[in-house]
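The following account leads the reader through a single protein chain, from individual residues to the fold as a whole. Please keep the sequence and the model in view while reading.

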Amino acid sequence: MTDAFPHVFEPLTLRHRTLRSRITFGAHTANMAEDGLPGERHIGYYRERALGGAGMIVVEPIPIHRTGVLTRGNFRHDDDAVIPAFRRMTDACREANPDVVLIHQLYHVGQHGDADNSFAPNWSPSGLPSYHDADGSHGMTVDEIEALIEGFMAAAVRAKESGFDGVEIFAAYHAVVDQFWATWSNRRTDEWGGSFEGRMRFSSEILRRIRERCGEEFIIGLAVSADPGSAAIPSVDELAGIVAWHDERRLMDYVTCGTGSYFAFEGIIPTSLYEPRLGEPFAAALKAVVRHARVQAESHIRTPEAAEAVLAAGHADMVSIVRGQIADPHLVAKARAGRPEDVRPCISCNQLCWGRRSRDYWISCLVNPSAGREFDWGGDRSEPAAVARRVLVVGGGPAGLEAARVAAERGHAVTLLERDDALGGQFRLAGRQPSRGQILDLLDWYGRRLAALGIDVRLGARAGPAEVAAAGADAVIVATGSRPPRTGFQRALPLADRLPGVEASDVFAIHDVLDGSAVLGRRVLVLDDLGDWRGLGTALHLAEHGHEVTILTAAPLVGGGLLHSAADGPLRRRFALAGGRSITAACVLGWADGVASVRSTLTGELSSIGADALVIAETPVAESDLAGELRALGIPFEMIGDAVAPRRASLAFFEGRELARRL
């Protein structure tokens with residue numbers, strides 16, 4: 001069954017262990033610790049990916065020193081209490097998959113720490129500023145350097161006693177290890193700096209001492225990253241030379257190469273705006289120089305097909321797929337069974353994986369709400385219902401699709417009514433924005449799953465109370481979504497419920513642009529009251545289709561709501577390169593005869609902007625008419641998603657899953 005993925009499923013030896021799949025689940029901060037220890041949420045999260053067939057799991061980093069604590073959910077440093085707690089995790093993963101190789105990443109980010117979490121100064125080679133915030137750092141003494149080396153070694157010993165097969169030393173994104181490598185951040189003149197060998201001393205001592213203390217069978221990995229656009233860190237050629245130096249001395253068993261840095265954070269976890277297989281060429285550069293260690297590629301490699309292509313090209317020995325296995329923890333098992341089309345696709349949105357983590361919550365997934373809830377929901381699977389029922393779902397957007405899918409997987413007979421001629425609702429429109437075609441891939445997946453489950457999907461079906469009653473369902477789910485209000489309401493003008501001139505024929509909602517119904521001239525003004533993909537993504541869509549676009553927002557910057565997904569900077573940059581113009585800290589007072597009256601929210605200054613059309617991105621309103629009619633007739637139903645209150649797609653998927661689990 002693995003004929004389609006011969007390279008993915010070719011066994012690979014690391015020291016005393018053999019990987020049965022070359023797709024791994026790489027290190028990332030899930031931020032789930034409870035009092036600094038892994039608890040049931042953590043165990044359920046990693047156990048599910050082991051059960052799903054990952055060849056190797058690199059458990060998220062543990063800080064090796066009090067100055068390295070970075071998040072609220074970090075594990076305890078310098079505390080043997082982690083050993084029995086992690087032993088529960090490693091035992092649970094091996095119970096699920098005896099072949100899984102388990103690694104623990106160890107880290108310290110040096111000058112880029114977070115004193116709000118560590119309550120300690122940032123330690124670094126030479127005392128340079130942090131790129132996390134406006135803090136500076138403390139240039140370490142020789143004794144303090146030794147303390148960090150000992151911290152790495154002690155953490156490795158705890159990892160071994162916890163049942164891990166090895167450790168991965170974090171030297172990526174300009175953390176403390178690669179701060180020693182870079183001449184910009186290492187300005188020391190003692191034996192820990194200066195010459196190339198001096199700058200390599202810190203990392204080589206860490207790796208050498210771990211080998212001495214933990215033994216020949218213990219796996220040692222090294223995590224690095226490439227960021228060609230950042231002048232402060234080693235170039236790709238210099239990074240290759242650094243890795244080759246360590247490889248020549250056989251200091252590590254594998255090296256994994258990601259992208260981005262603390263100088264260009266959005267490249268670390270690339271959104272859909274980036275090219276697929278972003279990290280492949282950098283892994284290939286390392287593969288060309290190493291002679292002993294295995295090389296792993298990572299960064300925006302989402303699918304088994306992409307992993308197979310990277311491996312077949314000889315650009316890496318392993319491939320880390322993280323977000324893809326957050327979206328579908330059984331990705332590897334499905335590929336092994338010859339069912340890659342059944343893999344629930346990641347859409348590279350970062351909205352709940354990085355988006356929640358960046359706000360110091362535990363991570364989850366927009367398309368897979370069981371991520372982080374495996375301990376509570378029994379994993380990413382549907383338990384059979386005690387009694388099979390007839391279920392009617394009205395609405396084929398995210399909430400309705402997920403409710404229908406899970407209800408059918410639990411054994412219910414499901415009918416889904418969708419008034420449009422395609423599934424997806426407003427989510428399908430979002431998939432028409434630049435770079436967001438992965439949303440359409442996800443909707444295609446839903447189409448395949450609903451067909452395979454025998455769900456009666458009726459497109460172009462408008463459902464009123466009579467149609468609902470005639471269906472004779474045991475359970476009715478109203479997931480009718482939302483619609484644009486077409487009022488031009490702006491949060492900067494809370495007392496003005498309606499924008500003067502909004503009824504004009506040259507005023508459109510973003511929905512009209514994306515469904516192709518808007519007739520626009522050359523010049524378009526986009527009034528964005530949302531600050532996310534809906535406004536700026538639509539503006540980019542117009543700019544890349546030849547329009548002269550200005551986007552205006554009352555916020556201090558456009559796309560500010562995308563900060564936590566790391567999509568805001570790249571999206572603004574692409575819009576500017578397409579010729580787009582941005583106006584911030586302003587609101588529109590009215591629209592008449594192709595002219596918007598504008599007021600600065602900072603100074604009160606009045607101005608005007610001429611355009612051929614005004615496009616408004618504003619908060620939708622719930623499509624709740626059917627719910628009101630059913631309620632008036634006494635017909636019982638459940639309501640989910642935007643029909644309750646317009647919100648993010650992640651909450652629609654969550655409510656669809658949560659309700660279907662209760663049916």
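**From single residues to the whole chain**

Asp 456 counts as partly exposed because its relative accessibility is 31%, a value that lies between the 20% below which a residue is called buried and the 50% above which a residue is called exposed. The model in which this value was computed is a predicted one. Asp 456 belongs to strand 15, which covers residues 456–459. Apart from residues up to four places away in sequence, Asp 456 touches Val 414, Thr 415 and Leu 416. His 174, by contrast, is separated from Asp 456 by 282 residues in sequence and by 53 Å in space, C-alpha to C-alpha.

A second partly exposed position is Gly 610, with a relative accessibility of 36%. Gly 610 lies in strand 24, residues 606–610. With residues up to four places away in sequence not counted, Gly 610 touches Arg 523, Gly 594 and Val 595. The C-alpha atoms of Gly 610 and Ser 597 are 9.0 Å apart, and 13 residues separate the two in sequence.

Leu 626 offers a buried counterpart. Its relative accessibility is 7%, and Leu 626 therefore counts as buried. This residue is part of helix 21, which runs over residues 625–633. Which residues does Leu 626 contact, leaving aside neighbours within four places in sequence? They are Val 394, Ala 463, Gly 464, Pro 465, Val 468, Val 478 and Thr 480. Pro 384 lies 242 residues from Leu 626 in sequence, and their C-alpha atoms are 30 Å apart.

Backbone geometry draws attention to two further residues. Most residues other than glycine have a negative phi. Ser 299 is not a glycine, yet has a positive phi of about 95°. Asn 350, likewise not a glycine, has a positive phi of about 65°. Where are these residues found? Ser 299 sits in the loop between strand 11 (294–297) and helix 9 (304–312), while Asn 350 sits in the loop between helix 11 (331–336) and helix 12 (354–357). Ser 299 counts as buried at 10% relative accessibility, and Asn 350 is buried with a relative accessible area of 1%.

The loop that holds Ser 299 leads to helix 9. In helix 9 the buried residues are Pro 304, Ala 306, Ala 307, Glu 308, Val 310 and Leu 311. Their cover includes strand 3 (23–24), helix 8 (280–287), strand 11, strand 12 (318–320) and helix 11. Just after helix 9, Gly 314 takes a positive phi of about 75°.

Two other helices may be read in the same manner. Helix 2, residues 82–96, has 15 residues and reaches 21 Å from its first C-alpha to its last, close to the 21 Å expected at 1.5 Å a residue. Its buried residues are Val 82, Ile 83, Ala 85, Phe 86, Met 89, Thr 90, Ala 92, Cys 93 and Ala 96. The cover over these residues of helix 2 includes helix 1 (40–51), strand 4 (56–63), strand 5 (101–107) and helix 4 (142–161).

Helix 22, residues 649–662, has 14 residues and reaches 20 Å, close to the 20 Å expected for it. In helix 22 the buried residues are Ala 649, Ser 650, Ala 652, Phe 653, Glu 655, Gly 656, Arg 657, Leu 659 and Ala 660. They pack against helix 13 (374–377), helix 14 (398–409), helix 15 (426–430), helix 16 (437–452), strand 16 (475–478) and strand 27 (638–639).

These elements belong to a chain with 22 helices and 27 strands. The radius of gyration of the chain is 27 Å, close to the 26 Å that the globule rule gives for 663 residues, so the chain is as compact as a globular protein of that length. Along its principal axes, the C-alpha trace spans about 75 × 65 × 45 Å. Buried residues make up 60% of the 663 residues. Among contacts between residues at least 6 apart in sequence, 71% join residues at least 24 apart.

The surface and the charges complete the description. The accessible surface of the chain comes to about 24900 Å², of which 50% belongs to carbon and sulfur atoms. The chain has 70 positive and 85 negative side chains, and the centres of the two sets lie 2 Å apart.

Note on methods:
Residues numbered from 1 in each chain as written. Predicted model: local features only at pLDDT ≥ 70, side-chain atom pairs only at ≥ 80, totals over all residues. Heavy atoms only, no water. Helix = DSSP H or I, 4+ residues; strand = E, 2+ residues; numbered from the N terminus. Expected span 1.5 Å × (residues − 1). Buried < 20%, exposed > 50% of the residue type's maximum accessible area, 1.4 Å probe, protein only. Contact = heavy atoms within 4.5 Å. Rg over C-alpha atoms; globule rule 2.2 N^0.38 Å. Areas by Shrake-Rupley, 256 points an atom, 1.4 Å probe, with all protein chains shown as cover. Lys, Arg positive; Asp, Glu negative; His and termini not counted. Charge placed at Lys NZ, Arg CZ, Asp CG, Glu CD.
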